[in-house]
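Thanks for coming. I have one structure to go through today, and I will take the sheet before the core. Please have a look at it on the screen.

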Amino acid sequence: MPQFAEVALPVPMRQNFTYQIPTNLAWPLEVGMRVRVPFGRQQLIGLVVNISDECALPPQQLKAINEVLDSSPLLSEPLYKLTLWAARYYLCSQGQMLTQALPVALRKGASAAPEFISYYALTDKGAAATLASLKRSPAQQKILQQLQQGELTTEEVQVLELSKTAIKALKDKDWIGLYERPLVADRHWREQLELGEQPLKLNKQQAVAVAALTAQTGYQCTLLEGITGSGKTEVYLSLLETVLKQGKQALILVPEIGLTPQTINRFKRRFKVTIAVIHSGLTDKQRLDAWRQARCGEAAIIIGTRSALFTPMMWPGVIILDEEHDASFKQQEGVGYHARDLAVMRGHLEDIPVVLGSATPSLETLHNALNGRYAHMQLGERAGGALKVRQGIIDIRNLPLRAGMSQPLLNEMRLHLQAGNQVLLFLNRRGFAPALICHECGYLHECDRCDAFFTVHQALGEIRCHHCGNQYAIPRQCHHCGSTMLQGQGIGTEQLEAMLTKEFPDYPVVRIDRDTTSRKGSLEKQLAAIHRGEYKILVGTQMLAKGHHFPDVTLVGLLDVDGALFSADFRAPERFGQLYTQVAGRAGRASKPGTVLLQTHQSDNPLLKDLLHRGYGEFARSQLAERQQALLPPAWHMILIKAEAHQASDADTFLAEFAALLPQDNAFEVIGPMPAPLDRKAGKFRRQLLVQAADRKRLQQVFEQLLPQAEALTSGKRCRWSLDRDPQDLL
């Protein structure tokens with residue numbers, strides 16, 4: 001019997017730890033099981049990665065495993081291989097990556113075996129009731145309507161953000177009941193797939209895409225490039241119908257929690273199957289329950305954000321990433337993995353197709369599609385009767401502005417509102433004004449812990465730093481000269497909302513940004529009210545740009561695009577192109593024609609002209625050619641080494657010593673050390689070192705050899721440093 005187990009622990013050290021295996025185990029220990037082990041003065045939960053009869057250390061130096069938590073391995077072989085590959089690629093410890101792949105409850109030692117599931121269902125009284133009888137209570141009516149289509153688990157109730165008070169009222173009437181049943185996997189969807197609605201008729205391009213996707217067997221990655229409103233979701237639904245009929249599961253990743261309720265509703269209406277939902281807004285128990293449902297094959301469809309990528313499937317069928325270009329697929333804190341790249345690798349290891357869908361594909365994905373590594377399909381016409389959008393530029397040089405709005409844009413708004421339509425105004429700055437300026441001496445109030453200005457939040461009565469969260473009451477006097485003549489400099493969504501409410505008193509305004517949607521369920525309520533036509537003017541940040549379908553919006557105005565055209569980040573033009581195209585895609589999605597107007601001081605900017613005249617597809621291809629000439633990703637491969645310290649010299653010294661370990665030649669470039677674009681954040685100085693190489697394998701080998709030497713540098717003890725592979729954000 002083997003005596004030693006190598007265990008990966010959730011610690012940043014790039015090594016595994018050896019423990020003795022107790023002799024009195026109830027079942028044999030296998031690779032992939034969780035064990036509880038002593039580590040220093042604490043007890044940690046780790047995963048077994050190797051079992052052997054030999055150990056280089058003397059037995060008296062080894063501690064024994066305290067407890068084995070599983071009777072079989074937690075991760076399937078492809079998932080286990082994926083996490084080990086990811087640990088190597090992202091240059092982190094196996095323990096850190098393996099724990100990323102497990103729900104928090106399992107990391108804390110919860111049982112992986114299915115237990116009970118709680119669900120709401122109609123009682124006999126409720127089944128006999130009509131929707132009309134709840135006319136005065138729309139929240140109760142909505143719940144009754146949902147339950148008439150079938151039971152709802154407690155997770156679905158939370159994800160669909162149904163009213164708790166309405167649920168209580170219906171329980172008090174004895175119309176609905178909360179029941180519990182042992183989680184015996186109900187897999188009847190594999191024998192008989194039931195559809196809740198008839199599929200829409202596909203146009204020619206959609207039908208071609210569906211035919212090509214359903215014909216694929218084994219691994220194949222496909223970029224589905226479809227202009228906004230071209231009906232990519234309908235293509236996904238048709239593909240899913242084929243996959244589910246084969247008795248296989250589907251994993252669908254969306255970039256943000258805000259998009260999950262509408263995605264779930266769309267899939268629930270079409271398929272009468274169990275849908276497991278996984279995102280950070282759920283409790284640990286809810287995420288564990290969804291993970292169990294997916295693992296035992298009860299959930300036919302798994303929908304989630306970035307972390308759902310590691311959800312096990314009993315019968316893997318397909319992985320779909322919607323809005324694959326979105327930056328939120330890249331994790332910024334801790335292990336900086338990219339869910340898109342790992343999804344492609346997972347598809348490869350599971351031997352199943354992967355579909356990456358976007359109206360504005362990232363240059364990395366486009367590069368792979370144009371090189372022939374990925375299959376490439378295009379949807380060039382808008383679904384249904386939607387017409388092409390009319391685009392225009394308003395040159396605001398020398399024009400008077402009110403809260404950032406020019407008179408031509410206000411006039412155009414009035415026309416659309418009087419015609420009974422909705423207007424969407426996009427400004428990527430939340431708050432009342434981005435900075436507080438003294439009218440007498442010109443002093444701008446700067447955060448005392450960051451190289452950034454405070455943002456004024458008038459409604460909250462405070463100035464707040466959007467980088468470190470530092471906040472104070474709005475000062476009455478200038479910190480520099482004592483004057484009381486302080487005013488907001490620049491425009492934020494809050495100020496714009498106030499001006500529009502005065503300018504258009506007959507048309508209700510709604511503001512959607514991180515401040516107005518921080519409370520649970522608030523985004524859902526606001527979106528529902530927009531669809532009902534309660535609001536006519538929509539003011540928002542990026543949250544409004546993604547995936548939402550507003551049939552009555554006929555005018556979209558972009559207020560401040562100049563800031564996006566000039567940036568320290570080489571990805572800025574790509575991001576601007578994606579943002580403009582996504583925001584513009586909110587206009588004229590139904591049968592009404594749409595207009596997009598863009599305010600700028602840079603009306604002759606070649607980037608803008610290229611984007612407006614040729615569209616994102618051609619614009620992205622010319623950006624790709626520029627990146628290749630400049631030897632930037634995706635042509636070259638990049639690693640960013642970040643260091644922060646209270647003394648700038650400590651971070652500089654460490655990065656300089658790190659740079660000295662690296663080779664420098666024509667195919668390997670080292671830039672820095674240099675200050676980060678935001679030099680000081682939360683009281684610490686930030687420095688960075690950029691390493692680029694033409695060959696990805698060589699970059700990997702160099703770093704694998706060099707990291708032990710870098711970790712041994714004494715200068716590294718005086719700063720906090722980290723590696724970011726394929727960085728998405730250089731700020």
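**The sheet, the cores and the cysteines**

This is a predicted model. Let me start with the open sheet, which has 5 strands in the order 2-1-4-3-5, paired antiparallel. At its edges stand strand 2, residues 17-20, and strand 5, residues 67-68. Each of these has a single partner strand, so one side of each has no neighbour in the sheet.

Further in, strand 3, residues 34-39, runs antiparallel to strand 4, residues 42-52, and 6 bridges join the two. To pick out one residue, R34 has L47 in strand 4 as its bridge partner. As general background, strands of a sheet pair through backbone hydrogen bonds.

Now the nonpolar cores. The largest has 82 residues, and the members that touch the most others are M97, F310, Y337, L342, L558 and Y580. Which helix gives the most to this core? That is helix 19, residues 606-629, with 8 residues. A second core lies apart from this one; it has 44 residues, including A129, L240, A300 and I320.

Back to Y337 for a moment. What is Y337 in contact with, leaving aside neighbours within four places in sequence? The list is Y90, M97, Q100, R306, S307, L309, F310, F329, K330, Q331 and L342. M97, F310 and L342 from that list are also among the core members that touch the most others.

Last, the cysteines. The structure holds 0 disulfides. C221 is buried, at a relative accessible area of 1%, and C478 is buried too, at 5%.

That is what I have; questions are welcome.

Conventions
Residues are numbered from 1 along each chain as its sequence is written. This is a predicted model: local features need pLDDT of at least 70, side-chain atom pairs count only at pLDDT 80 or more; totals for chains, interfaces and linings use all residues. Side-chain values use heavy atoms; hydrogens and water are left out. A nonpolar core is a set of buried Ala, Val, Leu, Ile, Met, Phe, Trp, Tyr and Cys residues joined through side-chain atoms within 4.5 Å. Buried means under 20% relative accessible area, exposed over 50%, partly exposed in between (1.4 Å probe, protein chains only). Helices (H or I, at least four residues) and strands (E, at least two) are DSSP runs, numbered from the N terminus. Contact means heavy atoms within 4.5 Å. Two strands pair if DSSP finds at least two bridges between them. A disulfide is a pair of cysteine sulfur atoms within 2.5 Å.
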